[in-house]
Amino acid sequence: MSLIKTTTRKARKPDTAGDGSPADARQERIRSLDLLDTRLRWLSSWMIHNANHIRPKRDGLKVGGHQASCASMTAIMAALYFHALRPQDKVAVKPHAGPLLHAIHYLLGNQSLEKMQNFRGLGGVQSYPSRTKDSIPVDFSTGSVGLGVAVTAFSSLVQDYLIAHGQLREADAGRMIALMGDAELDEGNIYECLIEGYKHDLRNCWWVVDYNRQSLDSTTADRMFRRFDDIFETCGWRVITLKHGKLQQAAFKRPGGTAIAQWIETCPNAEFAVLTYQGGAAWRERLLADIGTQPHVRELLASFDDEALGRLMTNLGGHCTETLIDAFDSANDDRPTLFIAYTVKGHSLPLAGHKDNHSGMMNPPQIAQLRASLGIAEGEEWEPWAGLGSNVAAQLKAFVDACALAKKPPEPTAPAVPVPARLPVPDGAEQSTQAAFGRILLDLAKSGEALADRIVTTAPDVTQTTNLGAFVNQRGLFRRQELADVFQKAKIPSAQKWAQHAAGQHIELGIAENNFFLMLASLGLAAPHFGTRLLPVGTVYDPFIARGLDALNYGCYQDARFLLVGTPSGITLAAEGGAHQSINTPLIGMGQPNLTYFEPAYADELALMMRWAFADMQQPDGSSAYLRLSTRVIPQIERQDDAWEQDALQGGYWLRRPGPGAEAAIVFTGVVAPEALQAWEQMADDIPGLGLLNVTSPDLLHRGWSASRNARWTDGVRRPSFVENLLGALKPDAGLITVIDGAPGALSWLGAVRGMRVSPLGVDRFGQTGDLPDLYRTYRLDSEAIIEAAADLFVRD
Ligand SMILES: Cc1ncc(C[n+]2csc(CCOP(=O)(O)OP(=O)(O)O)c2C)c(N)n1
Ligand SMILES: [Mg+2]
């Protein structure tokens, strides 16, 4: 059984501080880290206990917290944060080990007692580390398991991008580290990311697995033993397995030790867990029964009392400071490294090993016993160094204050990149929004604008079909090692110039949309992570937003800033059929916090929105943006002036202003503009004052409306929202015909704004193949359907 398999030498210089020998200093360091391991176990247990058993409850709901998950990785986190971590490194912490991160910062003086006491309460420590809600430095938010792991790989690629572009010094490159639970290895996004990482020559990435062989529900499958090594090694990772702690290693060397080592090697995960829970006497009984007749085993076991035997049997690598720091020190190059640290879930707590311990919690007598065993007096539970004695406490505090983490600078603020006052509108009497998008980016790429240099485009294998190609031809594909375009070299004509080089500004990804959204999240965090603002633009087929929805949400949750372009969209995609036609994405756009959804009809609207997005995503209170585009070429319209622009950026404008006493309006979004216009022309004579409202952002309209309704109660003022003003141009009892190539609910709510009747058109069943006239007729998006819907408003049943 290999304990630490590694190929590199130790990096850290021997400790020579103080007047002792290097060996003494190392022992001193290990002692300090051991004390911190215990301290973290206590503080995390106590924080969770306080929230559940002591803090008054008002709602009868379970507060929760994960004492066992925390106890599983206290030694790992102590060794990482107080020994291995450098100021430039960034860490994604296993979500349910969040309390440990707060405990670490509490010891460093970065976290307040008040917030610790308010764990899982409003304004208190968040249940899972949050960049935006927690006050301590959190490099990556976590919560949805798997995503926090994979995002570190993409951030490492972003770091490489910045180094290659001369915006970060190689010497300042940090490691992107994920501390992960072993059940996270079941998430498919981990393996998608491994493959992408290999393609991009991933480096400076560590994943440390808290290998306690327990998930939420159960003990994990023995069959996976060693499979992970194979998978990761195949993808170019170094795998370092920390199976046994120093106590076990020493015992294995004694007479009879090999038999015990062999027994552990073959013990099923579930049985190991049961014996761990039962403790020393059970271990003895079982070992004697299984291997008691082998030479020297009986004597070896007899040399440990029950408690010591329990300690020995659970002295796995992930609980042994010495093993951990040696392993971390050994990985001193930039090769991606997986540390498989064997652990016991609930280590050193009465919960250890029990299969139900994920949400299990110590009861008051058990926490009192833990407190007493650490010499912490009642009432001193929150004292950072309680129970240590003043000398040890002072030494430990000095040790903590001297660690690299204490010198970590606050996250940088990156200066904003200037955005031109206008982006030029592509020429053309007839255009699609998707083609216009490509043209606007191309014009930017050719311009000398600073903005163009900070744009990074990315797509999951749909660069050409989403019209990013022209930008890529102009600015190149990013790759650390130059790679010539062999087609170009061979003088074979092609629209795509695929030269790959370090200055390239497009990151080409494989199909996995989840990776794409994690890439956007990482690029969108470049400003706070690395002090350089990037303006990421990602394109994806609109229906496949759903493929990476959790990762999109994850990026927005941590306030990463990017421009997402969903194209083509809707049943307007026609011949491609139902599997590629998006229906519910307008509702996703409306429902996703930190993402502003626009759906332009015309190229000039798009230019306006893209400019707005590049500016807004750099604002402290800005957001990411989502543009839903189409490949349908439609006639553009003549503008009399720019007056429409301001309204378009607030969510909608009157394309045909309603006349006095207007009894109805057609309200449309996006690509169905020609049908809406045609219907308006046909009905304008019959319906006095008929208006035509172009809703450019159902999202902004709805948000503004609900914000203004709330404001009466939260701010004491009730100012009519923009959409109330817009619809105020109609008679109070007017009717609305709404039409969108997507879920009709994105617009039908407009009737509630002023209590108007609505006849909603849209798509609420799966699409299919067909040409546009057939599909628009079948799904009732054509002008005829709009006229029928208008008639419906005036027909009395
Ligand atoms: C995507 C997602 N699915 C489900 C959950 C609920 N959940 C939280 S932790 C967990 C499993 C924990 O096991 P492991 O990762 O091994 O961590 P441990 O607590 O054993 O350290 C699950 C299923 C989640 N947080 N995210
Ligand atoms: Mg686990």
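The exchange below concerns a metal site, a helix and a surface patch in a predicted model.

Trainee: Which residues coordinate the magnesium ion (ligand 2)?
Mentor: The donors of this ion follow the spacing D-x29-N-x1-Q along the chain. Their distances from the magnesium ion are 2.0 to 2.2 Å, and the atoms concerned are an OD of the aspartate, OD1 of the asparagine and O of the glutamine. The coordinating residues are therefore Asp 182, Asn 212 and Gln 214.

Trainee: Is Gln 214 buried or exposed?
Mentor: A residue counts as buried under 20% relative accessible area and as exposed over 50%. Gln 214 has 4% relative accessibility, so the residue falls under the lower cut-off. Asn 212, with a relative accessible area of 8%, is buried, and the class of Gln 214 is likewise buried.

Trainee: Against which helices do the buried residues of α12 pack?
Mentor: Helix α12 covers residues 280-291 and reaches 16 Å from its first C-alpha to its last, close to the 16 Å expected. Its buried residues are Gly 280, Ala 282, Trp 283, Arg 284, Leu 287 and Ile 291. These buried residues pack against α10 (257-266), α11 (269-278), α13 (297-302) and α14 (306-313).

Trainee: How does Phe 487 count in terms of exposure, and what is its relative accessibility?
Mentor: Phe 487 lies in helix α21, residues 486-489, and together with Val 486 and Ile 492 makes a nonpolar surface patch of about 300 Å². Because partly exposed covers the range between under 20% and over 50%, Phe 487 counts as partly exposed, and its relative accessibility is 47%.

Technical notes: Residues are numbered from 1 along each chain as its sequence is written. Chains are lettered from A and ligands numbered from 1 in the order in which they are written. This is a predicted model: local features need pLDDT of at least 70, side-chain atom pairs count only at pLDDT 80 or more; totals for chains, interfaces and linings use all residues. Side-chain values use heavy atoms; hydrogens and water are left out. Helices (H or I, at least four residues) and strands (E, at least two) are DSSP runs, numbered from the N terminus. The expected span of a helix is 1.5 Å times one less than its number of residues. Buried means under 20% relative accessible area, exposed over 50%, partly exposed in between (1.4 Å probe, protein chains only). Contact means heavy atoms within 4.5 Å. Patches are made of residues with over 30% relative accessible area and no salt bridge: like charges are joined within 9 Å, nonpolar side chains (Val, Leu, Ile, Met, Phe, Trp, Tyr) within 5 Å. Accessible areas come from the Shrake-Rupley method with a 1.4 Å probe; for residues, only the protein chains shown count as cover. A salt bridge is a side-chain nitrogen of Lys or Arg within 4 Å of a carboxyl oxygen of Asp or Glu. Donors are N, O and S atoms within 2.8 Å of the metal (3.2 Å for Na, K and Ca); water is not among the atoms, so sites may look incomplete.
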